[in-house]
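Here is a quick tour for anyone meeting this structure for the first time. Have a look at the picture below, then read on.

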Amino acid sequence: MEVTLKIFRYNPEVDKKWHYETYSIEAEETDRILDLLEKVKGHVDGTLSFRRSCAHGVCGSDALRINGRNYLACKTLVRDVGHKITVEPLLGLKVIKDLIVDMEPFFNNYKKVLPYFINESPLPADGKERLQSPEDRARFDETTKCILCAACTTSCPSYWGNESYLGPAALVTAHRFIFDSRDEAASQRLEILSETNGVARCHTIFNCTMACPRDIKITKAIGELKMAMVTGKLD
Amino acid sequence: MANIHQFDVVVVGAGGAGLMAGLYASRGAKTAVISKLYPTRSHTGAAQGGIGAALGNLEEDKPEWHTYDTVKGSDYLGDQDAIEFMCNEAIDAVLELEHMGLPFDRTPEGRISQRPFGGHTNNETGKPVRRAAHAADRTGHMILQTLYQQCLKNKVNFFDEYQALELLIVNGKAAGVVAVELATGELHTFHAKAVIFATGGHGRIFEVTSNAYAYTGDGAAMLLRKGLPLEDMEFFQFHPTGIYKLGILITEGVRGEGGVLINGKGERFMPKYAPTVKDLASRDVVSRAIYTEIREGRGANGSNYVYLDVRPESVIKYAALDGRTNPDGSPYTITGEEVLAKLPDIIDFCRVYLGVDPVTQLMPIQPTAHYTMGGIPTNKYGEVVIDDKNTVFPGLYAAGECACVSVHGGNRLGTNSLLDLVVFGKHSGIKAAEYANQVDFQELPGDAEAGARSQFDTLRNGSGKENAFDIATEMKKVMFDLVGIYRNEKDMRSAVEKVRGLQERFKQVRVTDTGRIFNTDLLNTWELGNMLEVAEVIAHCALNRKESRGGHSREDYPERDDQNWLKHTLAWKKDGNVSIGYKPVVITKYQPKKRVY
């Protein structure tokens, strides 16, 4: 069958302004949107530019706006979105070329929340692992799934309105460490999140949760951060 | 306008091996890590089931057993000194990851949880042993994230989305690399005393593969172009369980949790091929068993796939038949909820790509091109060695999937890839920093970028009569059909010819994107050139090895031949042709014997 693929195009070396190109291509219901982009690039227009790597939803390279919603192009099939497909770059980050956006602001926010394990206490005397109960491990399991694709942050109206807002992805990373019973820097991170552009900017819109290709309940995680901030407890 | 950077050590690639190397090298020397992807996009993140170490957290286990299993898994082609080294280091390596914060799953006592995996056994009973330390079915993701996070904590210098194009060699020593910055198209020279390649594998040369688009053999091809050899390139692993047609990996952990393989007649077939460990035999054994079932007409629906079954009722039934028990001796059982908790990503992949729910339905699977056992020859410190005497090439290191130490020999055991990249990433980083602190910079030639520039010019100036996408599609099909799981002289001769034909056609390709900014057309075309070079070497080496060993299975030479072939292949590209040499396998404790699972 044939699908119509309408793609956002912008080449800064040639175009004054962005535009859309429409391509009619043969596809199957089970084709990934990424497969369609590859077909266009391979046979119709080699200049079409996008990021991709793993092609099965674990590397986070190809988060895009597909029919107005954020998805990973490699984890979205034709049968999920229909035969008229519009593909656009993520909103809220500067477009560099076609579907490629500048990820630096996104990663800079990530780096602000101390996105690494901190525990300066001596290691167990036997040199083995720090112990952690299955329950304590389960406490932050959900937020360890994040692949930093930016689908959540770039679906967030609060982020669109204020790019200084840390955004859902950075908060998810903070959650992953704050609720890890082995980590010792929860209060430092909560301090960072309590600043103007921290969790206060989350208005519980749930776009992030809807957008997450890893099914992380992001709004819930942010709610837990807010609760921790209010109560001072990490239950 | 030249962009020149000077670092003691430059690491190329930011997957698990590159990050580990970067972390360790930067402790002793000024280090940069350059990567064509954002580090967290690297393919280590796709590894699922676990990292092997004889922690013995759930039952008795020993590094010696891990060593023997790895030697046996390698079909005796692995170097036993290096294997022993890796398996002894494994315990500390996994503990170090935990100390870095890696969220391993836990036992009720709070220790790192472990699951059984193919080829890992209790050497006394021959039964599967719980050796794979895991974090759900995203262990690689956790390793990649944790190492990247530790690199940030330790302020490692990253150059993200920089594609290395050429290794610089001056006075017979590594002197740096030239890379293109994707965002601007500008070339950059990284002048260094030591260079570590951690560039990953090249599974993308095959039609059905679990590998990322980025897996195009860049490091291997860059060294071939410098006249350096590659080792054991005929050995490529086909993982038994890829999602039918797509090749997406379904971890061996599914079978570790009790899943079984079922043919089109509804029969569990692995007991025929591996009576003791059954579905948890080595990957080469299981992949061949699946192909044999399909060839003999027992594929599902008469087609070229079989089923993987992890439905709780099936798991419980077969576990009872196998006499499998929990650590406390009670019969092994599992619920649908536990399947979901232990294998969430697998369930997700099956639902998304197949519309199948593994808790209640069978998963259609076929073998998928998965792992590069061969690669850049190194010793156990990650130093690149270039001949049969293991002569070290000064200043050059390799680690992870691009390297061939060789710890995997003819067939890698599941969980040993993650172990490999952590252990050898670390040691290459340490060694490179030590070396860099003892030597001076080599003086670079006036125009260090000339070689890289001319590679790009060639791709821009072709006649345009040929299409790169078509050439890539044909190469993948040729390699999968003719140099795949089962091989023979006629097919491989044809493959060598066809790949050479494709290389000729490749000369007629012209990159259509003439811009500088994010020219992915140029980059992908350059990568295709690498894949064609690597594919040719693989086909050539496979044709040359007249025996069956590990992942290299020849219909015309079905037996292992230790008399003539217990040796590593070395392959050089000289004057446009592949030339072959050999080097001995290091055998310490384990004399080759027949491999039975």
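Put chain A and chain B together in this predicted model, and about 5,400 Å² gets buried between them, with 50% of that on carbon and sulfur atoms. On the chain A side, the residues that lose the most area to chain B are A:Glu13, A:His56 and A:Glu129, which together make up 12% of what that side buries. In terms of contacts, 68 residues of chain A touch 61 residues of chain B.

What about charges and polar groups across this interface? There are eleven salt bridges between chain A and chain B. One example pairs the side chains of A:Arg182 and B:Glu98, with N to O at 2.8 Å. Polar contacts between the two chains come to 39 residue pairs, counting those where both residues have pLDDT 80 or more.

Which parts of chain A supply at least two residues each to the side that touches chain B? They are helix H1 (33-44), strand E6 (95-97), and helices H3 (104-112), H4 (134-139) and H6 (167-178). H1(A) gives the most, with six residues. Sorted by class, that side of chain A looks like this:

| Class of residue | Count on the side of chain A that touches chain B |
|---|---|
| Nonpolar | 29 residues |
| Polar | 14 residues |
| Charged | 25 residues |

Now for chain A on its own. Nine helices and seven strands make up its secondary structure. Taken along the principal axes, the C-alpha atoms of chain A fill a box of roughly 60 × 35 × 30 Å. Chain A has 235 residues, and 57% of them count as buried. As for how the chain meets itself, take the contacts in chain A with a separation of 6 or more: 64% of them are between residues 24 or more positions apart.

Over in chain B, there's a small piece of sheet to look at. Three strands, in the order E10-E21-E22, form an open sheet with antiparallel pairing. Why do E10 (230-231) and E22 (577-584) of chain B each have one side without a neighbour in the sheet? Both stand at the edges with a single partner strand each, so one side of each is left free of a neighbour there. E10(B) is joined by two bridges to strand E21 (residues 567-574) of chain B, and the two run antiparallel. To find the spot, look for B:Leu230, which stands opposite B:Ala571 in E21(B). In general, strands of a sheet pair through backbone hydrogen bonds, either parallel or antiparallel.

Terms used:
Residues are numbered from 1 along each chain as its sequence is written. Chains are lettered from A and ligands numbered from 1 in the order in which they are written. This is a predicted model: local features need pLDDT of at least 70, side-chain atom pairs count only at pLDDT 80 or more; totals for chains, interfaces and linings use all residues. Side-chain values use heavy atoms; hydrogens and water are left out. Two strands pair if DSSP finds at least two bridges between them. Helices (H or I, at least four residues) and strands (E, at least two) are DSSP runs, numbered from the N terminus. Contact means heavy atoms within 4.5 Å. Buried area is the accessible area (1.4 Å probe) that two parts lose on being put together, summed over both. A salt bridge is a side-chain nitrogen of Lys or Arg within 4 Å of a carboxyl oxygen of Asp or Glu. A polar contact is a pair of N or O atoms within 3.5 Å; within protein, one must be able to donate a hydrogen and the other to accept it, and residues adjacent in sequence count only if both atoms are side-chain atoms. Ala, Val, Leu, Ile, Met, Phe, Trp, Tyr, Cys and Pro count as nonpolar, Asp, Glu, Lys and Arg as charged, and the others, Gly among them, as polar. Buried means under 20% relative accessible area, exposed over 50%, partly exposed in between (1.4 Å probe, protein chains only).
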